[in-house]
Amino acid sequence: MAVKGFRRSFEPFKILTDAQVEVIQSGITQVLEKTGVAFNDERALKILAEAGCQVDNGTQRVRIPEKVVRECLAKCPSHFPVKARDQENNWDLGNPDITYF
């Protein structure tokens, strides 16, 4: 894959401290577990219930436990290819190197 542009070879800018990231993650977890998310799709409600989420079919609200979130994130790839019409313009999203055009 030929990548055009400038490739950064230094550490990315660290805007938040690890403690700040932890506070944000904790807040997200609380919202997902306590408030939940509305899903207006019966199929999605069924899939989420089977995955271990608490589903209220009356309000179509799903509460997602932290365990389920962590299991799903563990299954996600850390990077993946983004395909262009012209193969020479494909690039890898999530690659630690960032390409500037």
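The following dialogue introduces the main features of this predicted model.

Q: Which secondary-structure elements does the chain have, and in what order do they run?

A: An overview begins with the elements and their order. The chain has three helices and seven strands. Read from the N terminus, the elements run β-α-β-α-β-β-α-β-β-β.

Q: How much of the chain is buried, and how much area does the chain expose?

A: Of the 101 residues in the chain, 13% are buried. The chain exposes about 8,400 Å², and carbon and sulfur atoms supply 57% of that area.

Q: What share of the contacts join residues at least 24 apart?

A: The contacts considered here are those between residues at least 6 apart in sequence. Among these, 46% join residues at least 24 apart.

Q: Where are nonpolar residues gathered in a core?

A: The general idea is a tendency: in soluble globular proteins, nonpolar side chains tend to be buried together. In this model, the largest nonpolar core has seven residues, namely L32, L45, L48, C53, V62, I64 and V68.

Q: Which residues of helix α2 are buried, and which are exposed?

A: One reads a helix by asking where its buried residues point. Helix α2 spans residues 42-50, and A44, L45 and L48 are buried in it. These three cover an arc of only 100 degrees around the axis, so they lie on the same side of α2. On the other side of α2, the residues E42, R43, K46 and E50 are exposed.

Q: What do the buried residues of α2 pack against?

A: They pack against two strands, β3 (54-56) and β4 (61-63). L45 gives a detailed view: leaving aside neighbours within four places in sequence, L45 is in contact with F39, V55, N57, Q60 and V62.

Q: What is found at the start of α2 and just after α2?

A: The ends of a helix deserve separate attention. At the start of α2, a side-chain oxygen of D41 comes to within 3.3 Å of the backbone nitrogen of R43. Just after α2, G52 takes a positive phi of about 110 degrees.

Q: Where is Q60 found, and what is its phi?

A: Q60 belongs to the loop between β3 and β4. Although Q60 is not a glycine, it has a positive phi of about 60 degrees.

Q: How should V55 be read: where does it lie, and what is it in contact with?

A: V55 lies in strand β3. V55 counts as partly exposed because its relative accessibility is 23%, and the cut-off for buried is under 20%. Apart from neighbours within four places in sequence, V55 is in contact with L45, L48, A49, R61 and V62. V55 can also be located by distance: V55 and F39 are 16 residues apart in sequence and 9.6 Å apart in space, C-alpha to C-alpha.

Q: How many disulfides are there, and why are C53 and C76 not bonded to C72?

A: A disulfide is judged from the distance between cysteine sulfur atoms, which must be within 2.5 Å. A search of the whole structure finds zero disulfides. For C53, the closest cysteine sulfur is that of C72, at 7.4 Å, which is too far for a bond. For C76, the closest cysteine sulfur is also in C72, at 7.2 Å, again too far for a bond.

Q: Are C53 and C76 buried or partly exposed?

A: The relative accessibility of C53 is 9%, so C53 counts as buried. For C76 the value is 47%, so C76 counts as partly exposed.

Q: What can be said of K34 and Q20 in helix α1?

A: Helix α1 comprises residues 18-35 and includes K34. At 60% relative accessibility, K34 counts as exposed. K34 and I64 are 30 residues apart along the chain, and their C-alpha atoms are separated by 8.3 Å. Q20 also has its place in helix α1. With a relative accessible area of 39%, Q20 is partly exposed. A polar atom of the Q20 side chain lies 2.7 Å from the backbone nitrogen of T17.

Conventions
Residues numbered from 1 in each chain as written. Predicted model: local features only at pLDDT ≥ 70, side-chain atom pairs only at ≥ 80, totals over all residues. Heavy atoms only, no water. Helix = DSSP H or I, 4+ residues; strand = E, 2+ residues; numbered from the N terminus. Buried < 20%, exposed > 50% of the residue type's maximum accessible area, 1.4 Å probe, protein only. Contact = heavy atoms within 4.5 Å. Areas by Shrake-Rupley, 256 points an atom, 1.4 Å probe, with all protein chains shown as cover. Arc of directions from axis to C-beta. Polar contact = N/O pair within 3.5 Å; in protein donor to acceptor, adjacent residues only side chain to side chain. Core = buried A, V, L, I, M, F, W, Y, C linked by side-chain atoms within 4.5 Å.
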